[in-house]
Amino acid sequence: MASTGKAALCIVHGLLCGLLVSLCQPALLHAGAWCMQPGALYVKLSYNQFFTVDTFDQHGDKQRNPNGSHFHDYNVTLYAEYGLAQNLTVFSSLPYKRLRSHYRFYEDDDKKRSSSRYNGLGDFEFGLKYCFLERPFVLSLQGLVKTAWFYDGHEEVPPGNNQNDYELKLLAGKSLWPFPGYCGLELGYRWRTNDPSDEYRYLVEFGLNLTKKLSCRIKLDGIKSVKNARRAVPPEPANSAYVNYETGQVVKIEQESSTGTLNTNPSLGIEYDLAKLELTLGYQATRSWSIECTYTGYPYGENIAAGDQYTIAAVYYFSK
């Protein structure tokens, strides 16, 4: 009798575990702190549209760009994760960008416009994630490197700051079972080479399975500047001279040198704060394939562009 009860308990336990996996699979398998199983592969191909006509000033107030100047970032980004070993995951991402910058200004009382563009690859990111605690919640340590291998500093519209970043993050996650959802927290520090300021990085996430096929999540992804940017050195004046043939004298002219071309990508910054609020709805078509639609708004920032981003993505997942 006791053995029969024990067997029944094991069956119930197995069914509950299977139900947990089936309900939480889309939300939990690829959430921040959780690592992939060995040999498992997660690939996400997303199309993103970012548009801005506003800028957060140094006080955090949103200001309209002068004369209707605006900026578009259309990009296709490939993101992948692979389970190298138990509790060890490698990941990377690479975007192909189509950037359009439209700057409007007045010259001699005439309204003029200047348009710049860029088509090509952006910053390449890759890193490792190691999970060192699984109960009572998940804790992982993640290292990331961002490189500017695929473009130089002379593009009409720069896709990045043309420098390398190095980041270390602590990731925490917790399943809310029997409620079919999870929550996550990420805290990190990003070291930025050359001119840009280092950054404190933080992320708060909540995911929920609405049905077996439908899931949603909300993320607040934030950047806080360390305020240690390398300020630009004022340019040396440019000197020139010409001969006044009426007097026979040499006339010297001292002019200020140009400080460089206009920063045609307002979504880049040297020293800024920014918060992104991401709302995602996902549909799992099959065990391996799903679709996600995302809206990202910018509720707060300083010294950076304010805008809206829309994303549609196809997700593939494989495991042994």
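Tutor: Two residues are in contact when they have heavy atoms within 4.5 Å of each other. The model we are discussing is predicted.

Student: Which residues does Q142 touch, leaving aside its neighbours within four places in sequence?

Tutor: With those neighbours set aside, the contacts of Q142 are F91, L128, K129, E167, L168, K169 and L171. Q142 itself lies in strand β7, and its bridge partner in β8 is K169.

Student: Why is Q142 called buried?

Tutor: Buried means under 20% relative accessible area. Q142 has 12%, so the residue falls under the cut-off and counts as buried.

Student: How many residues of strand β7 are buried?

Tutor: Seven of the 10 residues in β7, which covers 138-147, are buried, and the strand is mostly covered. For the chain, buried residues make up 39% of the 320 residues.

Student: What makes β6 and β7 paired strands?

Tutor: A pair needs at least two bridges between the strands. Nine bridges join β6 (residues 124-133) to β7, so the two count as paired. The two strands run antiparallel and form a hairpin with four residues between them. One position to look at is G127, which stands opposite L144 in β7.

Student: How do you know that β7 also pairs with β8?

Tutor: The count of bridges between β7 and β8 (residues 165-175) is nine; at least two are needed, therefore this is a pair as well. Its direction is antiparallel. L144 stands opposite E167 in β8.

Student: What joins β8 to β9?

Tutor: Here 11 bridges join antiparallel strands, and at least two would do. β8 and β9 form a hairpin with five residues between them. Within this pairing L170 faces L187 of β9.

Student: Where does L187 appear on the surface?

Tutor: L187 is one of the residues in a nonpolar surface patch of about 920 Å². Other members include F179, L185, V204, F206, I218 and L220. At least two residues of this patch come from each of β9 (181-192), β10 (199-209), β11 (214-225) and β14 (273-284).

Student: Why is V204 called partly exposed?

Tutor: The class lies between the buried limit of 20% and the exposed limit of 50%. V204 has 44% relative accessibility, so it is partly exposed. For a place in a patch the relative accessible area must be over 30%, and the 44% of V204 meets that part of the rule. V204 is found in strand β10.

Student: How many disulfides are there?

Tutor: The count is zero.

Student: Why is C131 not bonded to C35?

Tutor: A disulfide needs two cysteine sulfur atoms within 2.5 Å. The closest cysteine sulfur to that of C131 is in C35, at 5.1 Å, which is too far for a bond.

Student: Is C131 buried or exposed?

Tutor: Its relative accessible area is 4%; the limit is 20%, so C131 is buried. C216 has 25% and is therefore partly exposed.

Student: What does the secondary structure of the chain come to?

Tutor: One helix and 16 strands. Among contacts between residues at least 6 apart in sequence, 61% join residues at least 24 apart. The accessible surface comes to about 18,500 Å², and 59% of that belongs to carbon and sulfur atoms.

Terms used
Residues are numbered from 1 along each chain as its sequence is written. This is a predicted model: local features need pLDDT of at least 70, side-chain atom pairs count only at pLDDT 80 or more; totals for chains, interfaces and linings use all residues. Side-chain values use heavy atoms; hydrogens and water are left out. Buried means under 20% relative accessible area, exposed over 50%, partly exposed in between (1.4 Å probe, protein chains only). Patches are made of residues with over 30% relative accessible area and no salt bridge: like charges are joined within 9 Å, nonpolar side chains (Val, Leu, Ile, Met, Phe, Trp, Tyr) within 5 Å. Accessible areas come from the Shrake-Rupley method with a 1.4 Å probe; for residues, only the protein chains shown count as cover. A salt bridge is a side-chain nitrogen of Lys or Arg within 4 Å of a carboxyl oxygen of Asp or Glu.
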